[in-house]
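Student: I would like a close look at one part of this model, taken slowly and with the neighbouring features brought in where they help.

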Amino acid sequence: MNTTNFSFRHIGINNNDIHHILKELKADSVQEVIEQTLPASILGQKDLNLPKPVSEYDMILLSKELASKNKVFNSYIGFGYFGTVLPAPILRNVFENPGWYTAYTPYQAEVSQGRLEALLNFQTAVADLTGFPLVNASLLDEGTAAAEAVHMLYKARPKSQNDAGKFFISEEVYPQTLAVVLTKAEGLGIEIVVGKHQYFSFDPTFFGALVQYPAKHGEIYDYTDFISKAKEAGIKTVLAADILALTLLKPPAELGADVAVGSTQRFGIPFGYGGPSAAYFACTDDYKRHIPGRIIGVSKDKHGNCALRMALQTREQHIKRERATSNICTSQALPAVMAGMYAVYHGAEGLKTMASDIHLKAILLKEHLQYSGFKVSEEPFFDTVKIHLAEKEKLQLKEIFEAMQINLNYFSKDIVSISLDETVSDERFAVILTVFLKYKNQEFKKLNTNIETNIPENLQRTSEFLIHEVFKKYHNETAFMRYVKNLEKKDIALNYSMISLGSCTMKLNAAVEMLPLSWSEWADIHPFVPKNQAKGYLQMIDELEKYLAEITGFAGVSLQPNSGAQGEYSGLMVIREYLKSIGQGHRNIALIPQSAHGTNPASATISGLEVVVIKNLENGEFDFEDLKQKAELHKDHLAAVMITYPSTYGFFDRNVKDIIHLIHQYGGQVYMDGANMNAQVGYTSPGFIGADICHLNLHKTFAIPHGGGGPGVGPICAAKPLVPFFPTANAPYNEENRLTVSSSPYGSVFVANISYAYIRLLGFKGLKKATAAAILNANYLKERLAPHYQILYTNQDGRVAHELIVDFRPFKSLGIEVGDVAKRLMDYGFHAPTVSFPVAGTLMIEPTESESLAELDRFADALISIRKEIDEIAEGKYLLEDNVLKNAPHTLAELTSDEWTHSYSRQKAAYPLGWILEKKFWTSVGRIDDAYGDRNLVCTCSLVESYES
């Protein structure tokens, strides 16, 4: 047993287990199973050119060596990113805790009440600070949130405004936000007009406007008159607002805005060279059917108790597909949980004290600079002092500050700005002031100033915020620690049991991969620092891109997309730009199979493509004849086909090369969705198969944890002709007007460290072994479950790829729905697999390579036991309306109550199998009434009490 070999730690099955599995599969070798699973035409023959695997100890040393190449300066650059202090109790109890970071998106609400409450806290904090009643549970970054606002307002225009296709953006908006919106608008056909908001003409050809509050260099403008005139003209307004500044500033809703967007990075989230951090999106109730992203709402369980769930899910892309307002799938759940916890830990008074301290220091700095002869802007500000300085003098000032390891903002012509933050102690403030005085060859002189604020009285906040008791009770660490633990215990994450969600790849997120994220050298690098301060990051990025290019068989990689859906969108925009470059810009048809992820048609639509659906045959295969017919019909306008491989039906289509050849024959590009890449790595690749471009989900295949619904990283990989059209390392570095899909130059690159470590730890042989284990485990579960359930799709050899679909529709006549099975699995201690996707009435199961044989057997035993329970209902032993499935999940309160009216025993309800006695998970609520929550939408905890009455 070689304990220094990471694959031994990562892969759950050992050689003895593999022998047992092969016996079940009636196969003589792993290679035989692989050859029965993957078509011979796509099996690669060569080893990948990847570094040799390293031990966990050596990986830590390697990461330290890379981290040492990053220079941790005090960065007061601003532009949407600010220094923060992540409280140690949040670092230890949330960020470093697998009970939080290995959880999945809370679709199964009864086993997700902890993180649902944490996200509801986040929504409540944002609602209170912005003044809006409707808030989602985070978006990817501020630029994306602004772009989503533009799209939402465009789609929600009244019929009278159908001809209004222009959107105004103030030149005071952050440059990276502008870049992201410009790219999004290009795909949607929206004209963006940039200018000074003071001179905006309120032309009826505009449907919306975006302004920054405070502006990019800190100025606080009174937008009251601007918003009032916009309303008169029927123009909707979006305020991109600093969340911490809103503790002192009049909220956007009180100014009359329709939407507020921004980042919650200031709430304790480290720079991480740009991400991830959670953006917020808040608006009026008018947009509850249009708002992008996920909303945590309040409902009731079957016992009448308050319970939380994701509300209004029919808005989401997997339901609406090409009609969706947004393609957003992954949010920033873990950073949102942390930001919400930051608000809980500090409370209203703590945040206001912090903001006031920052504001007063900024005022004091301005007074000193003016006294010393600097020309300083006289506009009101919150935390950012704007200095007018000629370019030559800027360079001299920059040299002095960098010698003291301090970064300021030098990006705008003849302007230097400095954005103070909560890290600026009195000592650090003194250093900053001393450097400025050194530049002027002056000594410090104490000034007498009694100024408490320079915020105009009519823009000062008077309304209360964070008034719910959750923001008042947990300000000491002991109470806070226990609160976080109590929430954690309500949820099933990977630290409790297998989460076999099909198409989600809930594999191990190894501790050794996560550890470096707690180091300052990775966490405390502002995304816009000079590149010589981020050499460790840039080396890691360069090497990771090379590894991913090798694994996918492509020429180039861009890490900028910060979710899988953003990867799809980015890849399709790259295809569009490439087609334009070869005089084929008129091509606008995307062929997408019925089995595709819901994000595929949504991403195609927002990229400006028209979706044409391709049928799947009854056996699950791509309907090649339908494809051929539609490719011929649209041959002059065919832009791309989007295929997932292996398909979401859980097997490898034999005719994939024929599909690719056909699309190329008609002048289209082949986009391969990388959601199921865990079944390809080491054995084949999108490039080898013949695709032109793909995206990867680093939060699936390459071990970044799901975090309860994010963060994710969705890099795109492409053949050589498409690489020149990749997203740029964006503003303020972006010198060309090219694609920009993330606010930061390299997206959520902080967590890309995890995927880098994953590849370095496993190497080629380990990666290939992991793929084989994932395929073996899926086929093993298929063999164990096949005698009891119908397995919907297999290939001609009876094999599945890395996931399988189990059909529960035959039990509908008994009144048993697949949702009942999902809830009953909770009584057995399991999170349900993917429910009713891609086929209604089914479960899609993906065990991954990380699970042990014992855990696979426990899960199979649970489903087999549930089948016996279904049979008992069919035999009339239990009533159709009163049985263990219909009443699941069973809570501890229900099991221990004096009254028990069911025809089955308490033991049968709670302990259907013997091993559950040793490891019992109790849901904190009973089955939740989804419809009730949607009919009575409440998405803040401030209103929970009235909801319960």
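Is Phe528 buried or exposed, and what is its relative accessible area?

Tutor: Bear in mind throughout that this is a predicted model. Phe528 has a relative accessible area of 2%, and because buried means under 20% relative accessible area, Phe528 counts as buried.

The ring of Phe528 does not stand alone, since it forms an aromatic pair with Tyr81, with 5.8 Å from centre to centre and 85 degrees between the planes, an edge-to-face arrangement. Tyr81 is also buried, at 6% relative accessibility. As for where the two rings come from, Tyr81 belongs to the loop between strand S1 (74-75) and helix H5 (88-95), whereas Phe528 belongs to the loop between helix H18 (520-523) and helix H19 (535-552), so the pair ties together parts that are 447 residues apart in sequence.

This pair is one of 39 aromatic pairs counted in the model. Another edge-to-face pair is made by Tyr645 and Phe652, with 5.1 Å between the centres and 80 degrees between the planes. Tyr645 is buried at 2% relative accessibility, and Phe652 is buried at 1%. Elsewhere, ring pairs join Phe168, Phe200, Phe202, Phe206, Tyr213, Tyr221, Tyr223 and Phe226 into a cluster.

Aromatic rings also take part in another kind of arrangement, in which an arginine lies over the face of a ring. Arg266 is placed over the face of Phe82, at 3.8 Å from the ring centre, and Arg157 is placed over the face of Phe207, at 6.0 Å from the ring centre.

A further arginine, Arg824, can be followed through its surroundings. Arg824 sits in helix H26 (residues 818-827) and is buried, with a relative accessible area of 0%. Its side chain makes a polar contact of 2.8 Å with the side chain of Glu869. Once neighbours within four places in sequence are left aside, the residues in contact with Arg824 are Ile866, Glu869, Val884, Leu885, Ala888, His890, Lys908, Ala909 and Pro912, so that Glu869 appears both as a polar partner and in this list of contacts.

From the arginines we can turn to a sheet. Four strands make an open sheet in the order S22-S23-S25-S24, with antiparallel pairing. Strand S22 (790-791) and S24 stand at the edges with a single partner strand each, which means that one side of each is left without a neighbour in the sheet. Within this sheet, strand S23 (residues 804-807) runs antiparallel to S25 and is joined to it by four bridges, and Val806 stands opposite Leu843 in S25. On the other pairing, strand S24 (residues 834-835) meets S25 in the antiparallel sense over two bridges, and here Val835 has Leu843 as its bridge partner. Leu843 is therefore a bridge partner in S25 for Val835 and the residue opposite Val806, in a sheet whose strands pair when at least two bridges are found between them. S24 and S25 form a hairpin with six residues between them, and Ser836 in the turn has a positive phi of about 60 degrees.

In a regular strand the side chains alternate between the two faces of the sheet. In strand S25 (residues 842-845), Thr842 and Met844 point one way while Leu843 and Ile845 point the other way, and all are buried.

Helix H7 offers a check on regular geometry. At 1.5 Å a residue, the 18 residues of H7 (residues 113-130) should span 26 Å, and its end C-alpha atoms are 25 Å apart, which agrees. Of these 18 residues, 17 are buried, so H7 is largely enclosed by the rest of the structure. Just after H7, Gly131 takes a positive phi of about 85 degrees.

Finally, two pairs of positions recall the sequence separation seen for the rings. Glu35, in helix H3 (residues 30-37), is partly exposed, with a relative accessible area of 48%, and its C-alpha atom is separated by 9.7 Å from that of Asp797, although the two are 762 residues apart along the chain. Ala854, in helix H27 (residues 853-874), is partly exposed as well, with a relative accessible area of 41%, and from C-alpha to C-alpha it is 9.2 Å from Asp17, which is 837 residues apart from it in sequence.

Note on methods: Residues are numbered from 1 along each chain as its sequence is written. This is a predicted model: local features need pLDDT of at least 70, side-chain atom pairs count only at pLDDT 80 or more; totals for chains, interfaces and linings use all residues. Side-chain values use heavy atoms; hydrogens and water are left out. The expected span of a helix is 1.5 Å times one less than its number of residues. Buried means under 20% relative accessible area, exposed over 50%, partly exposed in between (1.4 Å probe, protein chains only). Rings of Phe, Tyr and Trp (its six-membered ring) pair if their centres lie within 6.5 Å; planes under 30 degrees apart count as stacked, over 60 as edge-to-face and the rest as tilted. A charge sits over a ring if NZ of Lys or CZ of Arg is within 6 Å of the ring centre and within 35 degrees of the ring normal. A polar contact is a pair of N or O atoms within 3.5 Å; within protein, one must be able to donate a hydrogen and the other to accept it, and residues adjacent in sequence count only if both atoms are side-chain atoms. Contact means heavy atoms within 4.5 Å.
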